[in-house]
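Reader: I am a first-year student and should be grateful for a close look at one part of this structure. Please choose a single residue and explain its setting.

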Amino acid sequence: MAVKSPCIELCRFDGKTGFCVGCLRTREECREWKKLKDHRRHQILQDRARRQTKLDKAG
C-alpha cells in the first residue's frame, strides 16, 4: 500500500526554514513525492516529525 502524502493543501514555504508551512516538507520533497518509493516516503515522514520537534523547541 502506498504511503499517503502529508499534504494538507496549504502550500506555502517558509523563507527561513525552507519547509512548507502545511506539511513540513521541502520543495524538492513535495515535487518528487509521487516518484518516490515507499521507503523514502517513510523517511520523509520521520524527518517531518523531527523538524516539528525542532521548530517547537525553537519557539
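Author: The account below begins with the chain and then turns to Arg51 and its surroundings.

This is a predicted model, in which local features need pLDDT of at least 70 and side-chain atom pairs count only at pLDDT 80 or more, while totals for chains, interfaces and linings use all residues. Residues are numbered from 1 along each chain as its sequence is written, and side-chain values use heavy atoms, with hydrogens and water left out.

The protein chain has 2 helices and 0 strands; helices (H or I, at least four residues) and strands (E, at least two) are DSSP runs, numbered from the N terminus. The radius of gyration is 11 Å, close to the 10 Å that the globule rule gives for 59 residues, so the chain is as compact as a globular protein of that length. Here the radius is taken over C-alpha atoms, and the rule is 2.2 Å times the number of residues to the power 0.38. Of the 59 residues, 22% count as buried.

Arg51 lies in helix H2, which covers residues 38-58. This arginine is buried, with a relative accessible area of 14%, because buried means under 20% relative accessible area, whereas exposed means over 50% and partly exposed lies in between (1.4 Å probe, protein chains only). Leaving aside neighbours within four places in sequence, Arg51 is in contact with Phe19, Leu24, Arg25, Thr26 and Glu29; contact means heavy atoms within 4.5 Å.

One of these partners deserves attention in its own right. The side chain of Arg51 reaches the backbone oxygen of Leu24 at 2.7 Å. Leu24 lies in the segment before H1 and is itself buried, with a relative accessible area of 11%. Phi of Leu24 is near 60 degrees, a positive value in a residue other than glycine. Most residues other than glycine have a negative phi. Glu9 also has a phi near 60 degrees and is found in the segment before helix H1 (27-32), but Glu9 counts as exposed, at 72% relative accessibility.

Helix H2 also contains Asp38, which counts as partly exposed at 28% relative accessibility. The side chain of Asp38 reaches the backbone nitrogen of Val3 at 3.3 Å. Asp38 and Ser5 are 33 residues apart in sequence and 11 Å apart in space, C-alpha to C-alpha.

Definitions and conventions. A polar contact is a pair of N or O atoms within 3.5 Å; within protein, one must be able to donate a hydrogen and the other to accept it, and residues adjacent in sequence count only if both atoms are side-chain atoms.
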